[in-house]
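Hi everyone, thanks for coming. Today I'd like to walk you through one structure, so let's bring it up on the screen.

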Amino acid sequence: MSDVPTSYKVAEHHRRREACLYIRQSSPKQVVNHTESTRRQYGLRQRAIALGWPDEHIRTIDDDQGMSGEHSGNRSGFRNLMDRVAAGEVGIVLSLEVSRLCRNAADWQRLLQIAAFSDTLILDEDGLYDPNDSNDRLLMGFKGALSEYEMQSTLTAEIRTPAE
């Protein structure tokens, strides 16, 4: 996590709503083999506590473990998260990397729009973002585009590489 203080972005009205910790890895194999990533994802709970959320107001959404972020249609946890953000129930969404949230631009842009409208912050390992801040929105847009590019280039490489 960056050492740059970002807690000034967190207002009391954010803390009155829940913090949602979204946890996902792309495949069942990653869930089994990448336990350090899982541990780091659950560890973001401490970051929410450090920003002022009481433990009982932190919701963990880990229903999508082992599911690709390519489409939101098959991810009940992501749909639940989006519904809560849209209803104004969430003050902050925490995810190790924004790529854990979505791997396609349409889902990512929809999340950013809804988060901006509901004044919901987004935190990843690199920083704390306010979708209503133009610089944060630009950076998150770039991160989302990179995430989609990474997924597409991985799929292209898999297509070009014969199965073993």
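Let's start with Asp 126, which counts as exposed, at 51% relative accessibility. Keep in mind that this is a predicted model. Which side chain does Asp 126 meet in a salt bridge? It is Lys 143, with 3.0 Å from N to O. Lys 143 sits in helix H6, residues 134–160, and Asp 126 in the loop between E4 and E5, so the pair links distant parts of the chain, 17 residues apart. Lys 143 itself counts as buried, at 14% relative accessibility.

Now look at Glu 125, in that loop between E4 and E5. Glu 125 forms a salt bridge with Arg 40, and their closest N and O atoms are 2.6 Å apart. Because Arg 40 lies in helix H3, residues 35–50, this pair ties together parts that are 85 residues apart in sequence. Both partners count as partly exposed: Arg 40 at 29% and Glu 125 at 28% relative accessibility.

For the wider count, a search of the whole structure finds 10 salt bridges. There is also a network of them linking Glu 18, Arg 59, Arg 84 and Glu 89.

On to the sheet. It is open, with five strands in the order E2-E1-E3-E4-E5 and mixed pairing. Why do E2 (58–61) and E5 (127–129) each have one side without a neighbour in the sheet? They stand at the edges, so each has a single partner strand. Further in, E3 and E4 pair in the parallel sense over three bridges, and Val 93 stands opposite Ile 122 in E4. Finally, helix H4, residues 76–86, lies across E1, E2 and E3, at about 160° to E1.

How values were computed. Residues numbered from 1 in each chain as written. Predicted model: local features only at pLDDT ≥ 70, side-chain atom pairs only at ≥ 80, totals over all residues. Heavy atoms only, no water. Pairing = 2+ DSSP bridges. Helix = DSSP H or I, 4+ residues; strand = E, 2+ residues; numbered from the N terminus. Contact = heavy atoms within 4.5 Å. Axes fitted to C-alpha atoms, helices over the stretch in contact; angles between N-to-C directions. Salt bridge = Lys/Arg side-chain N within 4 Å of Asp/Glu carboxyl O. Buried < 20%, exposed > 50% of the residue type's maximum accessible area, 1.4 Å probe, protein only.
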